[in-house]
Amino acid sequence: MFWSDWAITLTLLTPLLGAIAIALIPKRAEENAKPVALVVSVIGFALSLGILAGYDFDAAGLQFEVNVPWIDAVGANYHIGIDGISLPLFVLSYLLTFLCSVYAYHHIEEPGKPKAFLSLMLLLQTGMAGTFIAFDLLLFFVFWEVVLVPMYFMIGVWGGPRREYAAVKFFLYTLFGSVFMLVAFLALRFTAGTFDMVELAEMGQAGAFTLTFQRVAFLGIFLGFAIKVPMWPFHTWLPDAHTEAPTVGSVLLAGILLKMGTYGFVRIAIPILPEGAMDFAPIVGVLSVIAIIYGALCCMAQTDLKRLIAFSSVGHMGFVMLGIATLTPVGINAAIFGMIAHGVITGMLFFVVGSMKERYHTRDIAEIGGGALQVMPKMAVIFTYVSIASLGLPGLAGFPGEFGALLSAFQPAPGLEAAGFLTFYRVLMVLAAFGTVLTAGYFLYMLQRINMGSAPQRWLSAGLKDVSVIEWGTWMPLLAMTLLLGVLPFLVWGITTPDVNSLMSFFSA
């Protein structure tokens, strides 16, 4: 009974207590932070697998739920739980943190300081995981804001030459969106009398909020989530943050942080403000397709390998948002699958690019000069494998989500079709499909410039090391998942479908 009621709280507290324990390590014993962080991340990941094992996949609705008073003065509760929508993202956050702990055992960028770095990483994990299980708007907002500080310092202290600029830009953009989101949350609280997301969704779908209120509140929430995704034109913080962040920061930023925005649309904006979502859906669809094409064109122009991968996230998250914009079960399922696939694939790409930078001491594509298959054949093969997964090759994890998003755009929600948007969405589908061609183009061009040809003499004589044992241990779970999710997409859709169908029943009527 105790495990059933408090399992998620125990899992959530694990990285937080680990961060506190590492912060208390004396400076003279700072290297001890690495084994402590590794043990804590192993325990957290094991607990998340315990939740996965105990989850009833045939049932819709919250499981492992806890709902107790928290701040009585404002009517906020400690209401947490997990369902099929949040479970894959929750487990992925623990997996990636565990893998980052393994990687950090081997390598932490200058100035080192493993105690500070790893405590920030575990604090970041607490905020990320908490966002996916909170079912009280105020509690959700607390976890949402918790991630800002550790990511700011991870970029600002351990980042590249322009780290201060990138860190401040990331912080200000996200904080700007959070202001509008908080105002919308407060408006919901004063209108409905509760912060509870389950109750608010029931009220929203029962017509308790006026259309004008829904439009205004949706706009505020949209700004907060759109910046985090990030959607075009709010994306400009992302390439700078990714380019300057340390490898672990980039992996967690791409793998989990961006999903907080898309998850927020699915969990909060759409079910609580369904009529507002219906009005904004075509706009979201247009911005998504712009992001797909714009992101691909920007990738073709990049000279920095890491910045190219960063811009690719703009396009991939565009496919996720296109699926959400259709307001269909197919689209939402595709969006959630796209979130997981992007976290696995792009997280892996940033791991590989970080290892390449460590060996080449540059990310400039022209400086690398090609020939990676000559000097580091295993690394180059892995890079090729993950890149073709990212471009959406059938049979690998990048394909099902993108295909599902395109399929859902062909037949959007009945309300959108009745409003005359059927042809409009099919045009968006064709444009997004063209974006997949551009995506294949820039990835293949990148592989040609990095892997193919003869390596410059300086790299042939440098004795560059191929994939290390630590790197194999870090990467194998993600490499395996890239194949498994492509061949067996029901591993995700089998979890998400019951709750997605329940969530989207309002739009299917």
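**Salt bridges, aromatic pairs and the nonpolar core**

Asp-83 and Arg-267 form a salt bridge in which the closest N and O atoms are 2.6 Å apart. Asp-83 lies in the loop between strand S2 (76-82) and H3, and Arg-267 lies in helix H11 (residues 247-272), so the pair ties together parts that are 184 residues apart in sequence. Asp-83 counts as buried because its relative accessibility is 5%, under the 20% limit for that class. Arg-267 is also buried, with a relative accessible area of 8%. The model is a predicted one, and the values here are computed from it.

The structure holds 11 salt bridges. Side chains of opposite charge can pair when their charged atoms come close. Asp-240 takes part in a salt bridge with Arg-162, with 3.5 Å between the closest N and O atoms. Here Asp-240 is in helix H10 (residues 237-244), while Arg-162 is in the loop between helix H6 (148-158) and helix H7 (163-192), so this pair ties together parts that are 78 residues apart in sequence. The partners fall into separate exposure classes: Asp-240 is buried, with a relative accessible area of 6%, whereas Arg-162 counts as partly exposed at 41% relative accessibility.

Asp-240 forms a salt bridge with Lys-169 as well, and there the closest N and O atoms are 2.9 Å apart. This pair links distant parts of the chain, with Asp-240 in helix H10 and Lys-169 in helix H7, 71 residues apart. Both Asp-240 and Lys-169 are buried. A network of salt bridges links Arg-162, Lys-169, Asp-240 and Arg-307.

The next topic is the aromatic side chains. A search of the whole structure finds 26 aromatic pairs. One of them is the stacked pair of Phe-45 and Phe-98, with 5.8 Å from centre to centre and 5 degrees between the planes. Phe-45 belongs to helix H2 (residues 33-54) and Phe-98 to helix H3 (residues 87-106); the pair links distant parts of the chain, 53 residues apart. Phe-45 and Phe-98 are both buried.

Phe-399 and Phe-403 also form a stacked pair, at 5.5 Å centre to centre and 25 degrees between the planes. That angle counts as stacked because the limit for this class is under 30 degrees. Phe-399 and Phe-403 are 4 residues apart in helix H18 (residues 398-410), so about one helical turn separates them. Phe-399 is partly exposed, with a relative accessible area of 29%, and Phe-403 is partly exposed at 46%.

Aromatic residues also gather in a cluster made up of Phe-140, Trp-144, Phe-185, Phe-218, Phe-222, Phe-225, Phe-234, Phe-265 and Phe-280. Two of these names return in the nonpolar core: of the 189 residues in the largest such core, Phe-222, Phe-265 and Phe-383 touch the most other members. Helix H14 (residues 329-360) gives the most to this core, with 17 residues. In soluble globular proteins, nonpolar side chains tend to be buried together. Leaving aside neighbours within four places in sequence, Phe-265 is in contact with Phe-218, Phe-222, Phe-225, Ala-226, Val-229, Met-231, Ile-270, Pro-271, Met-321 and Ile-324.

Charged groups also sit over aromatic rings. The charged end of Arg-426 is placed over the ring of Phe-410, 3.9 Å from its centre. Arg-189 lies over the face of Phe-195, at 5.7 Å from the ring centre.

Arg-189 also appears among the contacts of Thr-194, which, with neighbours within four places in sequence left aside, are Leu-188, Arg-189, Glu-199 and Leu-200. Thr-194 is in the loop between H7 and helix H8 (197-205). At 11% relative accessibility, Thr-194 counts as buried. A polar atom of the Thr-194 side chain lies 2.9 Å from the backbone nitrogen of Asp-196.

The last site is in helix H1 (residues 2-23), where Ala-19 is placed. Ala-19 is buried, with a relative accessible area of 8%. Apart from neighbours within four places in sequence, Ala-19 is in contact with Ser-119, Leu-122 and Leu-123. Ala-19 and Phe-117 are 98 residues apart in sequence, and their C-alpha atoms are 9.8 Å apart in space.

Methods:
Residues are numbered from 1 along each chain as its sequence is written. This is a predicted model: local features need pLDDT of at least 70, side-chain atom pairs count only at pLDDT 80 or more; totals for chains, interfaces and linings use all residues. Side-chain values use heavy atoms; hydrogens and water are left out. Rings of Phe, Tyr and Trp (its six-membered ring) pair if their centres lie within 6.5 Å; planes under 30 degrees apart count as stacked, over 60 as edge-to-face and the rest as tilted. Helices (H or I, at least four residues) and strands (E, at least two) are DSSP runs, numbered from the N terminus. Buried means under 20% relative accessible area, exposed over 50%, partly exposed in between (1.4 Å probe, protein chains only). A charge sits over a ring if NZ of Lys or CZ of Arg is within 6 Å of the ring centre and within 35 degrees of the ring normal. Contact means heavy atoms within 4.5 Å. A nonpolar core is a set of buried Ala, Val, Leu, Ile, Met, Phe, Trp, Tyr and Cys residues joined through side-chain atoms within 4.5 Å. A salt bridge is a side-chain nitrogen of Lys or Arg within 4 Å of a carboxyl oxygen of Asp or Glu. A polar contact is a pair of N or O atoms within 3.5 Å; within protein, one must be able to donate a hydrogen and the other to accept it, and residues adjacent in sequence count only if both atoms are side-chain atoms.
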